[in-house]
Amino acid sequence: MSEPMREIEVTVNGKLHRASVPVRMTLSDCLRHEFGLTGTHVGCEHGVCGACTVLFDGHSARSCLMLAVQANGHEIETIEGLESAKGELSHLQAALRDHHGLQCGFCTPGMLTTLTELLRDNPSPTDSDVRIAISGNLCRCTGYEGIVAAALDAAQRIKDAGSRA
Amino acid sequence: MKPPSFAYHDPKSVEDAVALLGSLENAKLLAGGQSLMPMLNMRFVLPDHVIDLNNIPGLAGVELHDQALVIGAMTRQRELEFSDLVATHCPILAEALLQVGHRQTRNRGTIGGSLCHLDPAAELPTLCLALEAQVEVVGPSGPRGLMFADFPLGYMTPAIGADELVTRIALPLWPKGHGYAFEEFARRHGDFAIASAAVVLTLDAQGAIDRVAVAIGGVCATPMRMEAIEAALMGREPSPELFRAATAACKELDALGDVHAPASYRQHLAGVMVRRALVRACERASAGSKS
Ligand code: FES
Ligand code: FES
(Lines give C-alpha, C1' and ligand atoms only; values in the text may rest on other atoms or scores of the structure.)
(Ligands and ions follow the chains in the order given, each with its own letter.)
Protein backbone atom coordinates (compact mmCIF):
# COMPACT_ATOMS: atom_id res chain seq x y z
CA MET A 1 0.00 0.00 0.00
CA SER A 2 1.42 3.37 -0.92
CA GLU A 3 1.79 5.79 1.94
CA PRO A 4 -1.05 8.38 1.90
CA MET A 5 0.48 11.87 1.87
CA ARG A 6 -0.77 15.45 2.31
CA GLU A 7 0.65 18.88 1.65
CA ILE A 8 0.73 21.03 4.77
CA GLU A 9 1.57 24.65 5.59
CA VAL A 10 2.44 25.37 9.19
CA THR A 11 3.74 28.54 10.81
CA VAL A 12 6.43 27.62 13.30
CA ASN A 13 7.96 30.40 15.40
CA GLY A 14 6.63 32.95 12.94
CA LYS A 15 8.10 31.26 9.87
CA LEU A 16 5.98 29.45 7.29
CA HIS A 17 7.01 25.86 6.62
CA ARG A 18 5.66 23.69 3.81
CA ALA A 19 6.01 19.94 3.50
CA SER A 20 4.43 16.86 2.02
CA VAL A 21 3.96 14.45 4.92
CA PRO A 22 2.56 10.96 5.47
CA VAL A 23 -0.87 11.45 7.04
CA ARG A 24 0.07 9.23 9.96
CA MET A 25 3.16 11.26 10.87
CA THR A 26 2.95 12.81 14.33
CA LEU A 27 3.51 16.54 14.70
CA SER A 28 6.59 15.86 16.84
CA ASP A 29 8.20 13.81 14.05
CA CYS A 30 7.24 16.47 11.51
CA LEU A 31 8.87 19.25 13.53
CA ARG A 32 12.05 17.27 13.98
CA HIS A 33 12.45 15.40 10.70
CA GLU A 34 10.66 17.58 8.14
CA PHE A 35 11.33 21.04 9.53
CA GLY A 36 14.66 20.23 11.18
CA LEU A 37 13.56 21.71 14.51
CA THR A 38 15.10 19.18 16.85
CA GLY A 39 14.63 21.31 19.96
CA THR A 40 11.31 19.57 20.59
CA HIS A 41 12.18 16.30 22.30
CA VAL A 42 10.40 13.00 22.05
CA GLY A 43 10.45 10.75 25.10
CA CYS A 44 7.54 8.37 25.38
CA GLU A 45 5.48 9.08 22.24
CA HIS A 46 2.26 8.28 24.03
CA GLY A 47 1.43 11.38 25.99
CA VAL A 48 3.03 10.66 29.34
CA CYS A 49 6.33 12.52 29.62
CA GLY A 50 5.52 15.98 28.26
CA ALA A 51 8.96 16.41 26.61
CA CYS A 52 7.30 17.04 23.23
CA THR A 53 5.10 19.90 24.46
CA VAL A 54 4.74 22.80 22.01
CA LEU A 55 2.41 25.79 21.95
CA PHE A 56 -0.33 25.11 19.39
CA ASP A 57 -2.23 28.31 18.57
CA GLY A 58 -0.86 29.65 21.86
CA HIS A 59 -1.81 26.71 24.07
CA SER A 60 0.41 23.89 25.26
CA ALA A 61 -0.15 20.56 23.56
CA ARG A 62 1.68 17.29 23.28
CA SER A 63 3.01 17.16 19.76
CA CYS A 64 3.30 13.36 19.89
CA LEU A 65 -0.51 13.25 20.32
CA MET A 66 -1.24 15.25 17.19
CA LEU A 67 -0.91 14.42 13.54
CA ALA A 68 1.20 16.74 11.44
CA VAL A 69 -1.75 17.15 9.04
CA GLN A 70 -3.77 18.61 11.91
CA ALA A 71 -1.31 21.50 12.14
CA ASN A 72 -2.08 22.62 8.60
CA GLY A 73 -2.96 26.32 8.73
CA HIS A 74 -2.10 26.63 12.42
CA GLU A 75 0.62 28.39 14.40
CA ILE A 76 3.16 26.61 16.55
CA GLU A 77 5.78 27.86 18.94
CA THR A 78 8.61 25.56 19.93
CA ILE A 79 11.55 26.02 22.25
CA GLU A 80 13.48 27.48 19.30
CA GLY A 81 11.01 30.38 19.29
CA LEU A 82 11.34 31.39 22.93
CA GLU A 83 14.51 33.47 22.71
CA SER A 84 14.35 37.02 21.38
CA ALA A 85 15.13 37.91 17.77
CA LYS A 86 18.56 39.06 18.96
CA GLY A 87 19.19 35.63 20.40
CA GLU A 88 18.76 36.57 24.06
CA LEU A 89 17.25 33.99 26.35
CA SER A 90 13.71 34.69 27.56
CA HIS A 91 13.33 35.60 31.24
CA LEU A 92 12.13 32.06 31.86
CA GLN A 93 15.08 30.48 30.06
CA ALA A 94 17.54 32.69 31.92
CA ALA A 95 15.91 31.91 35.26
CA LEU A 96 16.02 28.17 34.51
CA ARG A 97 19.75 28.41 33.89
CA ASP A 98 20.34 30.46 37.04
CA HIS A 99 18.38 28.07 39.26
CA HIS A 100 19.95 24.90 37.84
CA GLY A 101 16.56 23.93 36.47
CA LEU A 102 18.12 21.56 33.97
CA GLN A 103 20.79 18.91 33.94
CA CYS A 104 20.57 16.62 30.91
CA GLY A 105 18.07 18.97 29.32
CA PHE A 106 15.82 16.30 27.89
CA CYS A 107 12.67 17.54 29.62
CA THR A 108 13.60 21.21 29.16
CA PRO A 109 11.76 22.00 25.89
CA GLY A 110 8.50 20.70 27.37
CA MET A 111 9.07 22.43 30.69
CA LEU A 112 9.77 25.77 28.99
CA THR A 113 6.78 25.69 26.64
CA THR A 114 4.45 24.58 29.46
CA LEU A 115 5.74 27.26 31.82
CA THR A 116 5.66 29.92 29.10
CA GLU A 117 1.93 29.26 28.77
CA LEU A 118 1.50 29.30 32.56
CA LEU A 119 3.19 32.70 32.90
CA ARG A 120 1.05 34.13 30.09
CA ASP A 121 -2.17 32.74 31.62
CA ASN A 122 -1.21 33.55 35.19
CA PRO A 123 1.51 36.20 35.66
CA SER A 124 1.61 35.66 39.46
CA PRO A 125 1.61 31.91 40.00
CA THR A 126 1.99 30.36 43.44
CA ASP A 127 4.39 27.54 44.18
CA SER A 128 1.45 25.14 43.95
CA ASP A 129 0.26 26.63 40.61
CA VAL A 130 3.70 25.92 39.16
CA ARG A 131 3.80 22.36 40.48
CA ILE A 132 0.36 21.62 39.05
CA ALA A 133 1.30 23.20 35.71
CA ILE A 134 4.32 20.90 35.30
CA SER A 135 2.57 17.82 36.69
CA GLY A 136 2.41 16.47 33.14
CA ASN A 137 6.15 16.93 32.53
CA LEU A 138 8.55 14.32 33.79
CA CYS A 139 12.11 15.24 34.73
CA ARG A 140 14.49 12.44 35.70
CA CYS A 141 17.36 14.70 36.76
CA THR A 142 16.56 17.81 38.73
CA GLY A 143 14.01 16.74 41.32
CA TYR A 144 11.90 19.68 40.04
CA GLU A 145 12.88 22.12 42.80
CA GLY A 146 15.11 24.21 40.56
CA ILE A 147 12.43 24.29 37.88
CA VAL A 148 9.78 25.54 40.32
CA ALA A 149 12.16 28.16 41.72
CA ALA A 150 12.99 29.29 38.19
CA ALA A 151 9.33 29.69 37.22
CA LEU A 152 8.58 31.77 40.31
CA ASP A 153 11.68 33.89 39.77
CA ALA A 154 10.83 34.32 36.07
CA ALA A 155 7.39 35.64 36.99
CA GLN A 156 9.09 38.27 39.14
CA ARG A 157 11.66 39.15 36.46
CA ILE A 158 8.89 39.60 33.88
CA LYS A 159 7.05 41.93 36.25
CA ASP A 160 10.21 43.90 37.03
CA ALA A 161 10.99 44.25 33.33
CA GLY A 162 7.38 45.07 32.46
CA SER A 163 7.52 42.57 29.59
CA ARG A 164 5.76 39.32 28.76
CA ALA A 165 6.71 35.68 29.09
CA MET B 1 6.68 6.32 12.37
CA LYS B 2 4.72 5.04 15.32
CA PRO B 3 1.09 5.09 14.12
CA PRO B 4 -0.01 2.34 11.73
CA SER B 5 -0.86 3.22 8.14
CA PHE B 6 -4.36 4.64 7.61
CA ALA B 7 -6.26 6.91 5.26
CA TYR B 8 -7.05 10.34 6.69
CA HIS B 9 -10.35 12.15 6.20
CA ASP B 10 -11.26 15.61 7.46
CA PRO B 11 -14.94 16.20 6.76
CA LYS B 12 -16.28 19.75 7.01
CA SER B 13 -19.78 18.87 8.25
CA VAL B 14 -21.50 16.38 10.54
CA GLU B 15 -23.40 15.01 7.53
CA ASP B 16 -20.16 14.32 5.68
CA ALA B 17 -18.70 12.65 8.77
CA VAL B 18 -21.77 10.42 9.13
CA ALA B 19 -21.64 9.56 5.42
CA LEU B 20 -17.97 8.58 5.76
CA LEU B 21 -18.76 6.46 8.83
CA GLY B 22 -21.47 4.71 6.83
CA SER B 23 -19.29 3.97 3.82
CA LEU B 24 -15.87 3.16 5.32
CA GLU B 25 -14.92 -0.08 7.01
CA ASN B 26 -12.87 -0.01 10.19
CA ALA B 27 -12.90 3.76 10.71
CA LYS B 28 -12.04 5.63 13.92
CA LEU B 29 -13.16 9.12 14.87
CA LEU B 30 -10.42 11.50 15.98
CA ALA B 31 -11.66 14.16 18.43
CA GLY B 32 -9.05 15.68 20.80
CA GLY B 33 -6.77 12.71 20.24
CA GLN B 34 -5.63 12.38 23.84
CA SER B 35 -6.71 8.73 23.99
CA LEU B 36 -6.78 7.69 20.34
CA MET B 37 -3.31 9.02 19.52
CA PRO B 38 -1.54 7.04 22.29
CA MET B 39 -3.46 3.95 21.16
CA LEU B 40 -2.37 4.57 17.56
CA ASN B 41 1.23 5.21 18.61
CA MET B 42 1.26 1.94 20.53
CA ARG B 43 -0.67 0.23 17.75
CA PHE B 44 -3.37 -0.93 20.15
CA VAL B 45 -5.81 0.12 17.42
CA LEU B 46 -5.25 -0.45 13.71
CA PRO B 47 -7.89 1.56 11.85
CA ASP B 48 -7.97 1.64 8.05
CA HIS B 49 -9.47 5.12 8.21
CA VAL B 50 -9.18 8.00 10.64
CA ILE B 51 -11.95 10.60 10.45
CA ASP B 52 -10.79 13.86 12.02
CA LEU B 53 -13.64 15.90 13.55
CA ASN B 54 -11.50 18.96 14.24
CA ASN B 55 -12.42 20.81 11.05
CA ILE B 56 -16.19 20.59 11.47
CA PRO B 57 -17.52 24.01 12.46
CA GLY B 58 -20.29 24.29 15.06
CA LEU B 59 -19.40 21.26 17.16
CA ALA B 60 -17.80 23.28 19.97
CA GLY B 61 -19.18 25.77 22.45
CA VAL B 62 -21.14 26.14 25.68
CA GLU B 63 -24.65 27.63 25.83
CA LEU B 64 -27.39 28.01 28.38
CA HIS B 65 -30.72 26.62 27.14
CA ASP B 66 -33.79 26.36 29.38
CA GLN B 67 -32.35 24.90 32.55
CA ALA B 68 -29.51 23.03 30.89
CA LEU B 69 -25.95 23.72 29.88
CA VAL B 70 -25.62 22.54 26.29
CA ILE B 71 -22.06 21.65 25.33
CA GLY B 72 -20.79 20.82 21.86
CA ALA B 73 -19.08 17.43 21.72
CA MET B 74 -15.85 18.95 20.38
CA THR B 75 -15.63 21.56 23.15
CA ARG B 76 -12.14 21.38 24.60
CA GLN B 77 -11.85 20.58 28.28
CA ARG B 78 -9.86 23.81 28.58
CA GLU B 79 -12.82 25.88 27.38
CA LEU B 80 -15.09 24.28 29.98
CA GLU B 81 -12.48 24.76 32.70
CA PHE B 82 -12.35 28.53 32.04
CA SER B 83 -16.03 29.03 31.09
CA ASP B 84 -18.00 31.55 33.16
CA LEU B 85 -21.22 29.70 32.31
CA VAL B 86 -19.78 26.49 33.74
CA ALA B 87 -18.45 28.26 36.84
CA THR B 88 -21.83 29.86 37.51
CA HIS B 89 -24.25 27.10 36.59
CA CYS B 90 -22.36 23.82 36.86
CA PRO B 91 -19.40 24.36 39.21
CA ILE B 92 -18.90 20.62 39.79
CA LEU B 93 -17.84 20.33 36.15
CA ALA B 94 -15.06 22.88 36.69
CA GLU B 95 -14.01 21.03 39.85
CA ALA B 96 -13.94 17.63 38.12
CA LEU B 97 -11.99 18.99 35.14
CA LEU B 98 -9.04 19.93 37.35
CA GLN B 99 -8.58 16.20 37.89
CA VAL B 100 -8.69 15.41 34.15
CA GLY B 101 -5.16 14.83 32.86
CA HIS B 102 -2.92 17.88 32.69
CA ARG B 103 -2.96 21.39 31.22
CA GLN B 104 -1.52 20.09 27.93
CA THR B 105 -4.11 17.31 27.58
CA ARG B 106 -7.08 19.49 28.62
CA ASN B 107 -6.05 22.03 25.98
CA ARG B 108 -6.78 19.39 23.31
CA GLY B 109 -9.06 16.82 24.95
CA THR B 110 -12.80 17.19 24.32
CA ILE B 111 -15.86 16.31 26.39
CA GLY B 112 -17.37 14.20 23.60
CA GLY B 113 -14.13 12.31 23.12
CA SER B 114 -13.91 11.46 26.80
CA LEU B 115 -17.52 10.25 26.95
CA CYS B 116 -17.15 8.07 23.86
CA HIS B 117 -13.80 6.63 24.94
CA LEU B 118 -15.61 5.76 28.18
CA ASP B 119 -12.62 4.81 30.26
CA PRO B 120 -14.12 3.50 33.52
CA ALA B 121 -11.80 5.72 35.53
CA ALA B 122 -12.42 8.91 33.53
CA GLU B 123 -13.98 11.83 35.39
CA LEU B 124 -16.38 13.22 32.80
CA PRO B 125 -18.48 10.06 32.31
CA THR B 126 -18.87 9.72 36.09
CA LEU B 127 -19.98 13.33 36.33
CA CYS B 128 -22.41 13.05 33.40
CA LEU B 129 -24.03 10.08 35.12
CA ALA B 130 -24.54 12.01 38.37
CA LEU B 131 -25.92 15.03 36.50
CA GLU B 132 -28.36 12.94 34.40
CA ALA B 133 -26.84 14.30 31.21
CA GLN B 134 -28.51 13.83 27.86
CA VAL B 135 -26.45 12.96 24.83
CA GLU B 136 -27.34 13.91 21.26
CA VAL B 137 -26.19 11.39 18.69
CA VAL B 138 -26.39 11.93 14.92
CA GLY B 139 -26.62 9.07 12.44
CA PRO B 140 -27.84 8.53 8.86
CA SER B 141 -31.47 9.09 9.90
CA GLY B 142 -30.72 12.30 11.80
CA PRO B 143 -30.29 13.15 15.47
CA ARG B 144 -31.56 11.17 18.44
CA GLY B 145 -31.22 11.78 22.14
CA LEU B 146 -30.39 9.38 24.91
CA MET B 147 -29.88 9.63 28.64
CA PHE B 148 -26.28 9.22 29.72
CA ALA B 149 -27.51 6.49 32.09
CA ASP B 150 -28.18 4.38 28.95
CA PHE B 151 -24.90 5.39 27.26
CA PRO B 152 -22.41 2.89 28.74
CA LEU B 153 -23.21 -0.61 27.47
CA GLY B 154 -20.18 -2.14 29.14
CA TYR B 155 -16.46 -1.68 29.57
CA MET B 156 -15.40 1.17 27.24
CA THR B 157 -18.43 0.54 25.02
CA PRO B 158 -20.81 3.43 24.36
CA ALA B 159 -24.33 2.84 23.03
CA ILE B 160 -23.68 4.45 19.66
CA GLY B 161 -23.80 2.77 16.27
CA ALA B 162 -20.80 2.40 13.98
CA ASP B 163 -22.36 5.07 11.72
CA GLU B 164 -23.22 7.54 14.49
CA LEU B 165 -21.37 10.28 16.32
CA VAL B 166 -22.03 12.31 19.47
CA THR B 167 -22.69 15.98 18.71
CA ARG B 168 -23.94 17.57 21.94
CA ILE B 169 -24.22 16.96 25.66
CA ALA B 170 -26.89 18.65 27.78
CA LEU B 171 -26.30 18.96 31.53
CA PRO B 172 -29.54 19.76 33.40
CA LEU B 173 -28.93 22.51 35.95
CA TRP B 174 -29.33 22.11 39.68
CA PRO B 175 -30.92 25.01 41.62
CA LYS B 176 -28.74 27.94 42.64
CA GLY B 177 -26.96 27.28 45.94
CA HIS B 178 -26.96 23.48 45.54
CA GLY B 179 -24.19 21.49 47.15
CA TYR B 180 -21.67 19.59 45.04
CA ALA B 181 -18.29 17.93 45.25
CA PHE B 182 -16.06 15.80 43.06
CA GLU B 183 -13.57 13.66 44.97
CA GLU B 184 -10.89 11.47 43.53
CA PHE B 185 -8.01 9.30 44.64
CA ALA B 186 -5.18 8.70 42.18
CA ARG B 187 -1.55 7.73 42.67
CA ARG B 188 -0.28 10.91 41.04
CA HIS B 189 -1.90 14.21 40.08
CA GLY B 190 -3.58 13.88 36.69
CA ASP B 191 -3.60 10.08 36.66
CA PHE B 192 -6.78 8.15 36.09
CA ALA B 193 -8.73 7.71 39.33
CA ILE B 194 -8.49 4.50 41.33
CA ALA B 195 -11.83 5.67 42.72
CA SER B 196 -13.79 8.88 42.28
CA ALA B 197 -17.16 10.16 43.44
CA ALA B 198 -19.48 12.89 42.19
CA VAL B 199 -22.14 14.16 44.60
CA VAL B 200 -24.80 16.80 43.96
CA LEU B 201 -27.49 17.61 46.54
CA THR B 202 -29.89 20.15 47.99
CA LEU B 203 -31.00 20.64 51.61
CA ASP B 204 -34.49 21.66 52.71
CA ALA B 205 -35.26 24.49 55.15
CA GLN B 206 -34.70 22.13 58.11
CA GLY B 207 -31.32 21.07 56.76
CA ALA B 208 -32.38 17.58 55.64
CA ILE B 209 -31.27 16.19 52.28
CA ASP B 210 -34.20 16.60 49.89
CA ARG B 211 -32.51 15.74 46.60
CA VAL B 212 -29.26 13.91 45.95
CA ALA B 213 -27.34 12.22 43.15
CA VAL B 214 -24.25 10.06 43.71
CA ALA B 215 -22.04 8.46 41.05
CA ILE B 216 -18.80 6.52 41.39
CA GLY B 217 -16.01 6.17 38.83
CA GLY B 218 -12.91 4.03 38.53
CA VAL B 219 -14.34 1.20 40.62
CA CYS B 220 -16.40 -0.91 38.20
CA ALA B 221 -16.28 -1.53 34.44
CA THR B 222 -18.50 1.50 33.88
CA PRO B 223 -19.32 4.51 36.07
CA MET B 224 -22.04 3.61 38.58
CA ARG B 225 -25.03 5.61 39.79
CA MET B 226 -25.49 4.75 43.46
CA GLU B 227 -29.25 4.68 43.96
CA ALA B 228 -28.98 2.68 47.18
CA ILE B 229 -26.88 5.44 48.73
CA GLU B 230 -29.24 8.13 47.48
CA ALA B 231 -32.27 6.33 48.95
CA ALA B 232 -30.54 5.97 52.31
CA LEU B 233 -29.78 9.71 52.39
CA MET B 234 -33.13 11.11 51.26
CA GLY B 235 -35.05 13.04 53.90
CA ARG B 236 -32.31 12.61 56.49
CA GLU B 237 -30.16 15.15 58.25
CA PRO B 238 -26.50 14.91 57.25
CA SER B 239 -24.26 13.28 59.88
CA PRO B 240 -21.11 11.15 59.82
CA GLU B 241 -23.15 8.17 61.08
CA LEU B 242 -25.67 8.56 58.27
CA PHE B 243 -22.94 8.83 55.65
CA ARG B 244 -21.18 5.75 57.03
CA ALA B 245 -24.36 3.69 57.02
CA ALA B 246 -25.45 4.89 53.57
CA THR B 247 -22.08 4.14 51.94
CA ALA B 248 -22.01 0.56 53.25
CA ALA B 249 -23.60 -0.23 49.87
CA CYS B 250 -20.16 0.28 48.27
CA LYS B 251 -19.11 -3.10 49.66
CA GLU B 252 -21.54 -4.72 47.19
CA LEU B 253 -19.97 -3.12 44.11
CA ASP B 254 -18.69 -5.45 41.41
CA ALA B 255 -15.27 -3.80 41.60
CA LEU B 256 -12.29 -4.20 39.27
CA GLY B 257 -8.97 -5.41 40.56
CA ASP B 258 -5.74 -4.57 38.80
CA VAL B 259 -2.08 -3.80 39.37
CA HIS B 260 -3.01 -0.51 41.10
CA ALA B 261 -5.51 -1.86 43.59
CA PRO B 262 -7.45 -5.07 44.36
CA ALA B 263 -11.25 -5.04 44.13
CA SER B 264 -11.75 -4.94 47.90
CA TYR B 265 -9.58 -1.82 48.14
CA ARG B 266 -11.63 -0.11 45.43
CA GLN B 267 -14.87 -0.96 47.27
CA HIS B 268 -13.43 0.54 50.43
CA LEU B 269 -12.08 3.60 48.62
CA ALA B 270 -15.41 4.20 46.87
CA GLY B 271 -17.08 4.61 50.28
CA VAL B 272 -14.34 6.96 51.44
CA MET B 273 -14.64 9.13 48.31
CA VAL B 274 -18.44 9.33 48.58
CA ARG B 275 -18.26 10.28 52.27
CA ARG B 276 -15.70 13.01 51.60
CA ALA B 277 -17.80 14.32 48.71
CA LEU B 278 -20.95 14.27 50.86
CA VAL B 279 -19.27 16.30 53.60
CA ARG B 280 -18.08 18.97 51.19
CA ALA B 281 -21.36 19.02 49.25
CA CYS B 282 -23.36 19.52 52.46
CA GLU B 283 -21.04 22.33 53.57
CA ARG B 284 -21.55 24.06 50.24
CA ALA B 285 -25.31 23.49 50.31
CA SER B 286 -25.68 25.03 53.77
CA ALA B 287 -23.42 27.96 52.79
CA GLY B 288 -25.46 28.33 49.60
CA SER B 289 -28.84 28.35 51.34
CA LYS B 290 -27.68 31.03 53.80
CA SER B 291 -26.34 33.35 51.11
S1 FES C 1 6.85 12.29 23.82
FE2 FES C 1 4.94 13.30 23.86
S3 FES C 1 4.35 13.13 25.92
FE4 FES C 1 6.18 11.93 25.85
S1 FES D 1 16.96 17.79 33.11
FE2 FES D 1 17.20 15.69 32.63
S3 FES D 1 15.14 15.05 32.48
FE4 FES D 1 14.92 17.03 33.26
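Here is a short walk through a predicted model, starting with chain A and ending where chain A meets chain B.

**Stop one: chain A on its own.** Select chain A and colour by secondary structure. You should find 5 helices and 5 strands. Trace the chain from the N terminus and the elements come up in the order β-β-α-β-β-β-α-α-α-α. The radius of gyration of chain A is 16 Å, close to the 15 Å that the globule rule gives for 165 residues, so chain A is as compact as a globular protein of that length. Turn on a bounding box along the principal axes: the C-alpha atoms fill roughly 55 × 30 × 25 Å.

**Stop two: inside chain A.** Now colour by accessibility. Of the 165 residues in chain A, 52% count as buried. Show contacts next, keeping those with a separation of 6 or more; in 57% of them the partners sit 24 or more positions apart in chain A.

**Stop three: the surface and its charges.** Switch chain A to a surface view. About 7100 Å² is exposed, with carbon and sulfur atoms supplying 50% of it. Then pick out the charged side chains of chain A: 14 are positive and 20 are negative, and the centres of the two sets lie 1 Å apart.

**Stop four: where A meets B.** Bring chain B back and select the contact, which takes 31 residues from chain A and 27 residues from chain B. The two chains bury about 2600 Å² between them, and carbon and sulfur atoms give 57% of that area. Which three residues of chain A should you zoom in on? Go for Arg24(A), Leu65(A) and Gln70(A): together they supply 24% of the area that chain A buries against chain B, more than any other three residues.

Methods
Residues numbered from 1 in each chain as written. Chains lettered and ligands numbered in written order. Predicted model: local features only at pLDDT ≥ 70, side-chain atom pairs only at ≥ 80, totals over all residues. Heavy atoms only, no water. Helix = DSSP H or I, 4+ residues; strand = E, 2+ residues; numbered from the N terminus. Rg over C-alpha atoms; globule rule 2.2 N^0.38 Å. Buried < 20%, exposed > 50% of the residue type's maximum accessible area, 1.4 Å probe, protein only. Contact = heavy atoms within 4.5 Å. Areas by Shrake-Rupley, 256 points an atom, 1.4 Å probe, with all protein chains shown as cover. Lys, Arg positive; Asp, Glu negative; His and termini not counted. Charge placed at Lys NZ, Arg CZ, Asp CG, Glu CD. Buried area = accessible area lost by both parts, 1.4 Å probe.
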